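Trainee: I have a new model open and would like to learn how to read it. Could you walk me through it?

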Amino acid sequence: MEQQQSLEKQIEYFTQYIKRNPFWRFVAVYADNASGLHVKNRPGYQKMLRDCRKV
């Protein structure tokens, strides 16, 4: 529970931080609750990679 709240607070902080900068463009939040050790179990990371390939 505490870890989930920490992630939510980080997302909120950095989303606002990016949106306040007129030279940056907020696109999306790519977040996963799983460990960073196994890429296949991270849907947020996989979506980020797919979106990057579209550009």
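Mentor: Happy to; we will go from the overall fold to the salt bridges and then to the surface. Please keep in mind that this is a predicted model.

Trainee: How many helices and strands does the protein chain have?

Mentor: The protein chain has two helices and zero strands. Helix H1 covers residues 2-20, and helix H2 covers 43-54.

Trainee: What share of the 55 residues in the protein chain is buried?

Mentor: Buried residues account for 11% of them. The accessible surface of the protein chain is about 5200 Å², and carbon and sulfur atoms contribute 55% of that.

Trainee: Let's turn to charges. How many salt bridges are there?

Mentor: The general idea is that side chains of opposite charge can pair when their charged atoms come close. Here the count is three salt bridges. In one of them, the side chains of Arg42 and Asp32 meet at 3.4 Å, N to O. That pair links distant parts of the chain: both residues sit in the loop between H1 and H2, ten residues apart.

Trainee: Are Arg42 and Asp32 buried or exposed?

Mentor: Arg42 is buried, and Asp32 is too.

Trainee: Which residue forms a salt bridge with Lys47?

Mentor: Asp51 does, with the closest N and O atoms 3.1 Å apart. Lys47 and Asp51 are four residues apart in helix H2, so about one helical turn separates them. Lys47 counts as partly exposed because its relative accessibility is 40%, whereas Asp51 is buried at 18%.

Trainee: And which salt bridge joins Asp51 to a residue three places away in helix H2?

Mentor: The side chain of Asp51 also meets that of Lys54 in a salt bridge, at 3.5 Å, N to O. Lys54 has a relative accessible area of 67%, so this residue is exposed. Through shared partners, the salt bridges join Lys47, Asp51 and Lys54 into one network.

Trainee: Now the surface. Which residues form a nonpolar patch there?

Mentor: Look for Tyr13, Phe14, Tyr17, Phe23 and Trp24, which together have about 640 Å² of accessible area. One of them, Tyr17, lies in helix H1 and is partly exposed, with 40% relative accessibility.

Trainee: Is Thr15 in helix H1 buried or exposed, and why?

Mentor: Buried means under 20% relative accessible area. Thr15 is at 12%, so this residue counts as buried. Leaving out residues up to four places away in sequence, Thr15 touches Phe26 and Val29.

Terms used. Residues numbered from 1 in each chain as written. Predicted model: local features only at pLDDT ≥ 70, side-chain atom pairs only at ≥ 80, totals over all residues. Heavy atoms only, no water. Patch = residues over 30% accessible without salt bridge, like charges linked within 9 Å, V, L, I, M, F, W, Y side chains within 5 Å. Areas by Shrake-Rupley, 256 points an atom, 1.4 Å probe, with all protein chains shown as cover. Salt bridge = Lys/Arg side-chain N within 4 Å of Asp/Glu carboxyl O. Buried < 20%, exposed > 50% of the residue type's maximum accessible area, 1.4 Å probe, protein only. Contact = heavy atoms within 4.5 Å.
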